[in-house]
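Open the model in your viewer and keep the selection box at hand. The stops below can be taken in order.

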Amino acid sequence: MSASSTNPQPTAAQAMQPWQAPVNKDIVQRAEQRVIKQLLQALLFEDIIAFTTQAADADFDNKDVLDFVIPALSGVEYHAQGQVQHSFGIIRFNHQAVQRHASDGSMNTATLEQVIADIVLPLDDAALKDSFINELRHTLTNEIQAQTLAPTSLPTVDELSYSALEGVLMHGHPYHPCFKSRLGFDIEDNYAYAPEFANPIEVLWLAVDKALIASNTLAGINVSEWVADYVGESAHQKLQSTLSHRLENSNKTAADYTLVPVHPWQWQQTLIEALQPLLMTQDIIYLGGTGETYRAQQSIRSLTADTDGKPYLKLSMHLVNTSSTRILAKHTVLNAAIMTAWLKRLAAEDDSRDAAQIAFLGENVGISLDHEVLRARGYQHPALYGGLAAIWRDNADDYLAKGQQAIPLNGVSYVHSDGQTLIAPWLAAHGVAAWTEALIAVTVPPIIHLLFGHGLALECHAQNIVLVHEDGYPVKVLLKDLHDGVRYSPKHLTRQDLIPKFHQLPAAHAALNRGSFIETDDTDGIRDMTVACLFFVAFADIAIFLQREYQYAETDFWQQVADCICDYQARHPEFAEQFARFDVFAPQTRIESLAKRRLFGDSVFPIKYINNPLANCRVPEPC
């Protein structure tokens, strides 16, 4: 069941209507307050701006509602209510609107432009604040559009397929202030291609001279045969016929080309210009669509085909979202199949109980325009780097047994605008404590077994984990987005004999993104990647959700996580050195300061040491 079937979809003209009046002031204020709150929460948590808190009891705990006072320019103060959560000290404001108190005693509900003028613009040395402000404004516009056109109520969770849920979960990043910036989209683009609107997208196809292609696949897969099988016999014949027709006056044949999919927005906005010289020489030939349609997943550039069971398709886009340009660099595309083969072999040759819980959505085929070949021929357009590429990923349906369904892990904490929680039926049926214990039991062991048992960290935040359930009860997880989401120290890998040779990232890429690497000697950094992604990003949001919506204490949640880890460690005394090396119970862990990096750059990579909630848990021996 698709998201579009639950509510009639507006036309493109209707999608623009909120900016043509009348506007729904309640929706606009709700959207604006979300942007303001996520901005201020990040600025406070990352120590970018100062604040004070007031509570009735000086010995407040994470359940107490605090009054946050944030000083700004010229005697202005911003007031908000919320909590300093037990989960890593995360700051979360409550439903009360942020208020602006002027020096003359007047007060109003804060607007984003006031916060920008009073707090963001005065930030000293924030060299990137203009682009950051631009992202904030775009985020607000896109959030207003999303909330205006959102269904008034949620469909029942068990009625929704995994692909439909990718569109229903419209909130975006729960921490990043620019959670829906999507720079490059206008509001018509956003309506056409954003996941929350679940509109059909027709992928376009190019024929690219094989001399300009770099590709990699799992052993035994031929790229041309793969693509032919993927598009289907009829569509492939159509594409080949079009290609042959275009080559009638050429000395080349269709066999000289590889078919490459491209996102229609990327084609229109970037590639028509960037590839123009290659289109003129017929090194690249535009073939058009096949009629098959797709729907965007939460990442926007990953697509699910409307034809059931097809592999997911991840495409390059020069779209800036949450401050990152969503290209697909050649080295990551070529590493996809290598990473998949490596991880699956590690799991297959590991006979432990915990290895049996590990399942990856394999990335079996990757294809990219080879910018290095083009550069050698004198083509220097910047969009050629990572601008035309595709990775095919296994469909989650391939890993579901009869009676099983799947949901993105971030759907666990989803609360609709009307206050409905998506998983309410599951918690009612199974009980909060028992359901939470099951969630932890299927999520934590496979990921920490990769860390302790193999020396690997995965970028396993909530969008990269698929929760499989039976009637709402968690039974396993699937891990995805592997091509550049793994980190390890070669000398600390358990299976030294299986270390693959990866394609290394170019120096220019590393200079622009200091967090983009696979190998490191920093074992604390490997531990921190697991803790930051699984616990800080994914689990903290769930812990806070359970406390706020179901009064289930965060401390109880983290004790359950600690108990699960200790149970694992008790079963695996052979990994005692790894437990010490990758100490997930350490008092502090490191995270990337997302807002600070987007404001000040990463000439000195911005990290923050935060208190680890697992450090305060009751930990029996041998932990």
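The tour goes from the annotated domain to a sheet, its strands, the helices on it, the cores and some single residues.

**Before selecting anything**

This is a predicted model, in which local features need pLDDT of at least 70 and side-chain atom pairs count only at pLDDT 80 or more, while totals for chains, interfaces and linings use all residues. Residues are numbered from 1 along each chain as its sequence is written, and side-chain values use heavy atoms, with hydrogens and water left out.

**Stop 1: the annotated domain**

Select residues 162–411. An unreviewed UniProt entry annotates these residues as "domain: Aerobactin siderophore biosynthesis IucA/IucC N-terminal"; such annotations may be inferred rather than shown by experiment. The span is 31% helix and 24% strand, and its end C-alpha atoms lie 10 Å apart. Helices (H or I, at least four residues) and strands (E, at least two) are DSSP runs, numbered from the N terminus.

**Stop 2: the sheet**

Show the strands in the order β8-β15-β16-β12-β11-β10-β7-β9: these 8 strands form an open sheet with antiparallel pairing. Its edge strands, each pairing on one side only, are β8 (213–217) and β9 (257–262). On average, neighbouring strands of the sheet are turned by 30° against each other, direction ignored. Two strands count as paired if DSSP finds at least two bridges between them.

Start from the β8 edge. Strand β15 (residues 363–369) runs antiparallel to β8, and 5 bridges join the two. Within this pair, isoleucine 213 is opposite leucine 369 of β15.

**Stop 3: strand β16**

Now select β16 (389–393). Is this strand enclosed or open to the outside? Since 5 of the 5 residues of β16 are buried (under 20% relative accessible area), the strand is largely enclosed by the rest of the structure. In a regular strand the side chains alternate between the two faces of the sheet. Here Ala389, Ile391 and Arg393 point one way, and Ala390 and Trp392 point the other way.

β16 has these partners:
- β15, running antiparallel to β16 and joined to it by 5 bridges; glycine 366 has isoleucine 391 as its bridge partner.
- β12 (residues 312–315), paired in the antiparallel sense over 4 bridges; leucine 315 has alanine 390 as its bridge partner.

**Stop 4: helices on the sheet**

Add helix α8 (residues 233–246), which lies across β7 (201–209), β9 and β10 (284–296) and runs at about 160° to β10. Angles run from 0 to 180 degrees between N-to-C directions, with axes fitted to C-alpha atoms, for helices over the stretch in contact. Serine 244 is in helix α8. This serine 244 is partly exposed (20% to 50%), with a relative accessible area of 40%.

Then add helix α11 (residues 330–348), which packs on the sheet and touches β8, β15 and β16. Its direction makes about 160° with that of β15.

**Stop 5: the cores**

A nonpolar core is a set of buried Ala, Val, Leu, Ile, Met, Phe, Trp, Tyr and Cys residues joined through side-chain atoms within 4.5 Å. The largest has 131 residues, of which Trp342, Phe535, Phe539, Phe557, Trp558, Val561 and Ile565 touch the most other members. Helix α16 (residues 523–550) gives the most to this core, with 16 residues. A second, separate core of 52 residues includes Ile201, Val203, Leu239 and Val262.

Centre on isoleucine 565. Beyond its neighbours within four places in sequence, isoleucine 565 is in contact with Val444, Ile448, Phe452, Phe535, Val584, Phe585 and Leu614; contact means heavy atoms within 4.5 Å.

**Stop 6: α14 and α16**

Helix α14 (residues 432–454) packs on α16 at an angle of about 175°, with the axes 11 Å apart. That makes α14 roughly antiparallel to α16 (a term for angles over 145 degrees). Among the residues that meet are Leu439, Val444 and Leu451 from α14, and Leu534, Phe539 and Leu546 from α16.

**Stop 7: single residues**

Select alanine 406, in strand β17 (residues 405–408). Alanine 406 is buried, with a relative accessible area of 4%. Not counting residues up to four places away in sequence, its contacts are Tyr162, Leu165, Leu400, Val466, Leu467, Val468 and His469.

Finish with arginine 182, in the loop between α5 (162–168) and α6 (187–193). The phi of arginine 182 is near 50°, a positive value in a residue other than glycine. Arginine 182 is buried, with a relative accessible area of 5%.

Note on methods
Buried means under 20% relative accessible area, exposed over 50%, partly exposed in between (1.4 Å probe, protein chains only). Angles under 35 degrees count as roughly parallel, over 145 as roughly antiparallel, 65 to 115 as roughly perpendicular and the rest as oblique.
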